[in-house]
Amino acid sequence: MNFLECTVHCHTDLCDGKNTPAEMAAAAVEKGIRVLGLSGHSHTPHDDSYCMTVENTAAYRAEIARLNREYAGKLTVLCGLEWDQWSDEDPAHWDYVVGSAHYVTGPSGVRHSVDHNMETLQSAFEDFGGDGLAMAEAYYDAVAEVAEKRPTVLGHFDLVKKLNGDGRFFDESHPRYRAAALAALEAAAGKVQALEINTGGVARGYREEFYPAPFLLKRWKELGGRVIITADAHTADGLLFGFEDAADYARAAGFTEAAVLNAAGKVETCAL
Ligand SMILES: [Zn+2]
Ligand SMILES: [Zn+2]
C-alpha cells in the first residue's frame with residue numbers, strides 16, 4: 001500500500017461532515033483508496049455542536065458494517081473514532097483511534113473549544129486573562145493527556161493555532177509557546193503509533209501550513225516518531241486533499257516513510 005491508498009481521518013454527516021458514509025466510500029473507490037478510515041467525532045456529553053449523538057454512533061457502526069459487505073474485496077472501511085479527551089466513548093472499542101484535544105479548561109473551570117469558532121477561542125483567551133500563551137500552555141497539557149491514552153494516531157497536534165493566523169492570540173515563535181508544544185511532543189513519543197500531518201486546516205482555508213508546524217515535525221523525527229498523512233476530510237472530494245504536498249512537507253523534515261493503516265486497522269509503513 002502507498003500513502004495515497006489510505007486515508008484515516010474522515011468525518012461524515014453523522015457528525016459534522018457533509019457526506020454520508022456511503023458517499024465517502026464511493027468516492028474512496030473512485031480515487032483508488034484501499035483503506036478508508038472513518039473517524040467520527042466521539043460522543044462528548046458537554047458538547048453536541050459537532051459530535052456524534054449516541055443514536056448516530058449506533059447508526060455509524062451499522063452503516064460501516066454494511067459498507068464492508070457491499071465493498072468486500074474492493075475497499076475496507078475501518079470503524080474508527082476521533083476520540084476527544086472528554087468523550088464518554090471507550091477508545092478500546094474501535095478499530096483505531098485518532099486522539100485529539102479540542103478544549104482548554106480556563107482558570108474559571110469552564111471548558112472552551114479552541115477550534116470551533118472565533119467566539120469560543122476568544123472566550124478561552126479572556127478566561128486566561130488575555131494571556132494567550134497561558135491558554136496555549138493549557139492546550140498542550142491537554143494534548144499530553146490525550147497521548148497518555150495511547151491513541152493509534154495523535155490528531156492535529158497544534159490545533160490551537162487554527163484561528164491564530166494573524167497572531168492575535170499568541171506569538172507562535174515565542175519561547176513559551178515553543179517550549180509548551182515541544183514538551184507535549186516529547187511526552188507523546190513512544191506512546192502514539194503515529195503523529196498526523198493533517199491538511200484539514202489548509203483545506204478549509206484557516207492556515208497556510210499543515211499541522212504540525214515544521215519545528216515540531218523536525219523534533220518528532222529526532223524522537224524517532226512516525227507520521228501519517230491525513231486530510232481531516234469533511235467532504236467526499238477532500239479525502240486526499242494536499243496529500244502530495246504533505247508528503248513533500250514530511251520529506252523536508254527528514255522522513256522517508258509514512259505510516260498507513262492496513263485492512264486490519266494496524267499500522268504499517270510505506271515509502272514516501
Ligand atoms: Zn479534531
Ligand atoms: Zn477531525
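What follows is a conversation between a trainee and a mentor about a predicted model of a protein chain.

Trainee: Let's start with the whole chain. What makes the protein chain as compact as a globular protein of its length?

Mentor: The chain has eight helices and eleven strands. Its radius of gyration is 17 Å, close to the 19 Å that the globule rule gives for 272 residues, so the chain is as compact as a globular protein of that length. Along the principal axes, the C-alpha atoms fill a box of roughly 55 × 40 × 30 Å. Buried residues account for 49% of the 272 residues.

Trainee: And what share of the contacts between residues at least 6 apart in sequence join residues at least 24 apart?

Mentor: That share is 70%.

Trainee: Now the sheet. Why are β1 and β9 said to stand at the edges?

Mentor: Look at the strand order first: the open sheet has seven strands, β1-β2-β3-β4-β7-β8-β9, with parallel pairing. β1 (6–10) and β9 (227–230) each have a single partner strand, so one side of each is left without a neighbour in the sheet.

Trainee: How do you know that β4 and β7 pair?

Mentor: Pairing needs at least two bridges, and two bridges join β4 (residues 97–100) to β7 (residues 153–154), so the two strands count as a pair, running parallel. You can find Gly99 opposite Leu154 there.

Trainee: Which residues mark the pairing on the way from β2 through β3 to β4?

Mentor: β2 (residues 35–41) is joined to β3 by seven bridges, in parallel, and His41 has Glu82 of β3 as its bridge partner. From β3 to β4 there are four bridges, again parallel, with Trp83 opposite Gly99.

Trainee: What makes β3 largely enclosed?

Mentor: Nine of the nine residues of β3 (residues 76–84) are buried, so the strand is largely enclosed by the rest of the structure. Both of its faces are covered: one side carries Thr76, Leu78, Gly80, Glu82 and Asp84, the other Val77, Cys79, Leu81 and Trp83. β4 is covered on both faces too, with Val97 and Gly99 buried on one side and Val98 and Ser100 on the other.

Trainee: Why is Ala27 called buried?

Mentor: The cut-off is 20 or more other C-beta atoms within 10 Å. Ala27 has 20, so it meets the cut-off and is buried. This residue is found in helix α1 (residues 21–30). Beyond its neighbours within four places in sequence, Ala27 is in contact with Ala236, Asp237 and Leu239. Ala27 also lies 9.5 Å from Gly238, C-alpha to C-alpha, although 211 residues separate them in sequence.

Trainee: Which residues touch the most other members of the largest nonpolar core?

Mentor: That core has 83 residues, and those touching the most other members are Leu36, Met135, Tyr139, Val143, Val227, Ile228 and Leu239. Helix α4 (residues 132–148) gives the most to this core, with nine residues. Take Val143: leaving aside neighbours within four places in sequence, Val143 is in contact with Ala101, Phe157 and Ala184.

Trainee: How do you know that the buried residues of α8 line one face of the helix?

Mentor: Ala246, Tyr249 and Ala250 are the buried residues in α8. Seen down the helix axis, the buried residues fall within an arc of 100°, so they line one face. The general rule fits in here: an α-helix has 3.6 residues a turn, so residues three or four places apart point the same way. On the other side of α8, Glu244, Asp248, Arg251 and Ala252 are exposed.

Trainee: What does the buried face of α8 pack against?

Mentor: The buried residues pack against β8, β9 and β10 (257–261). Helix α8 (residues 243–252) lies across β8 (194–198) and β9, running at about 155° to β9. After α8 comes Gly254, with a positive phi near 105°.

Trainee: Last one: how do you know that β10 and β11 pair, and in which sense?

Mentor: Five bridges link β10 to β11 (residues 267–271), in the antiparallel sense; at least two are needed for a pair, so the pairing holds. Leu261 stands opposite Val267. Five residues lie between the strands of this hairpin, where Gly265 has a positive phi near 80°.

Conventions: Residues are numbered from 1 along each chain as its sequence is written. Chains are lettered from A and ligands numbered from 1 in the order in which they are written. This is a predicted model: local features need pLDDT of at least 70, side-chain atom pairs count only at pLDDT 80 or more; totals for chains, interfaces and linings use all residues. A nonpolar core is a set of buried Ala, Val, Leu, Ile, Met, Phe, Trp, Tyr and Cys residues joined through C-beta atoms within 7 Å. A residue is buried if 20 or more other C-beta atoms lie within 10 Å of its own, exposed if 12 or fewer, and partly exposed in between; C-beta atoms are placed from the backbone. Two residues are in contact if their C-beta atoms, placed from the backbone, lie within 7 Å. Axes are lines fitted to C-alpha atoms, for helices over the stretch in contact, and angles run from 0 to 180 degrees between N-to-C directions. The arc is that of the directions from the helix axis to the C-beta atoms. The radius of gyration is taken over C-alpha atoms; the globule rule is 2.2 Å times the number of residues to the power 0.38.
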